[in-house]
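Visitor: I would be grateful for a close look at a single part of this structure. Please take one helix and describe its two sides, and then the surroundings against which it lies.

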Amino acid sequence: AASFLTPLRQLAPAGLALMGLPRWYGKDLAGDRGVNLVRGPGAAALHEALPMRIVREASWRDGRPAVVATYAADARRPWRWVRDELRALDEATLLGLTFTDLPGGRRLGLPFLLHRV
C-alpha cells in the first residue's frame, strides 16, 4: 500500500489519475516482475494495471544500489519514460523515488512510501 509525503499527499493522486492510474493503491512486487494496483471505482477490490520489470541497478540519485521498476518501451505515455527506485527503510516499508527519463527528469525524484500489507 502506498502513501505520499507532504506536500505530495494532495497533488500526487490527482497527477497519477491524469496519467492513467486513478485510485492508485500501490505495487505488487515479486521477483523480476511487478504490477501497479488500483482500486475499482467505489469498491474495495484491487485491480492490476501497468506491469513493470524489476531489476537491481545503480540509482540515478546517488549511484548506490537500488531496486528499480521500469515499464515497457511501448507502455502508454508517460510510463515508458518512468523509473521507480526503491530502498528498504525497514522490514515493512520501502522508500520510492519516481524519476523520468526526460530532460531534467533524472535529477528530480518524487518520493513515495510502500508499506507491506
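Guide: In this predicted model, the side of helix α1 to begin with is the one on which Gln 10, Leu 11 and Leu 18 are exposed. The opposite side carries the buried residues of α1, namely Leu 8, Ala 12 and Leu 16. Because these buried residues span an arc of only 50 degrees around the axis, they lie on the same side of α1. The spacing follows a general rule: an α-helix has 3.6 residues a turn, so residues three or four places apart point the same way.

The cover over the buried residues of α1 includes β1, β2 and β8. Beyond the end of α1 comes Gly 20, with a positive phi near 100 degrees.

The strands named as cover belong to an open sheet of eight strands, in the order β1-β8-β7-β6-β5-β4-β3-β2 and with antiparallel pairing. Its edge strands are β1 (2-4) and β2 (24-30), each of which pairs on one side only. On average, neighbouring strands of this sheet are turned by 35 degrees against each other, direction ignored.

At the β1 end of that order, β1 and strand β8 (residues 110-115) pair in the antiparallel sense over three bridges. One of the residues involved is Ser 3, whose bridge partner in β8 is Leu 113. Helix α1 (residues 8-18) packs on the sheet here, touching β1, β2 and β8, and its direction makes about 125 degrees with that of β1.

Further along the sheet, strand β3 (residues 33-39) and strand β4 (residues 46-58) form an antiparallel pair with seven bridges. Within this pair, Gly 34 has Met 52 of β4 as its bridge partner. Strand β4 also pairs with strand β5 (residues 65-70), again in the antiparallel sense, over six bridges. There, Ala 58 is bridged to Pro 65 in β5. The hairpin of β4 and β5 has six residues between the strands, and Gly 63 in this hairpin takes a positive phi near 80 degrees.

To return to the helix: Leu 8, Ala 12 and Leu 16 are its buried residues, β1, β2 and β8 are among the elements that cover them, and Gln 10, Leu 11 and Leu 18 are exposed on the other side.

Methods: Residues numbered from 1 in each chain as written. Predicted model: local features only at pLDDT ≥ 70, side-chain atom pairs only at ≥ 80, totals over all residues. Heavy atoms only, no water. Pairing = 2+ DSSP bridges. Helix = DSSP H or I, 4+ residues; strand = E, 2+ residues; numbered from the N terminus. Axes fitted to C-alpha atoms, helices over the stretch in contact; angles between N-to-C directions. Contact = heavy atoms within 4.5 Å. Buried < 20%, exposed > 50% of the residue type's maximum accessible area, 1.4 Å probe, protein only. Arc of directions from axis to C-beta.
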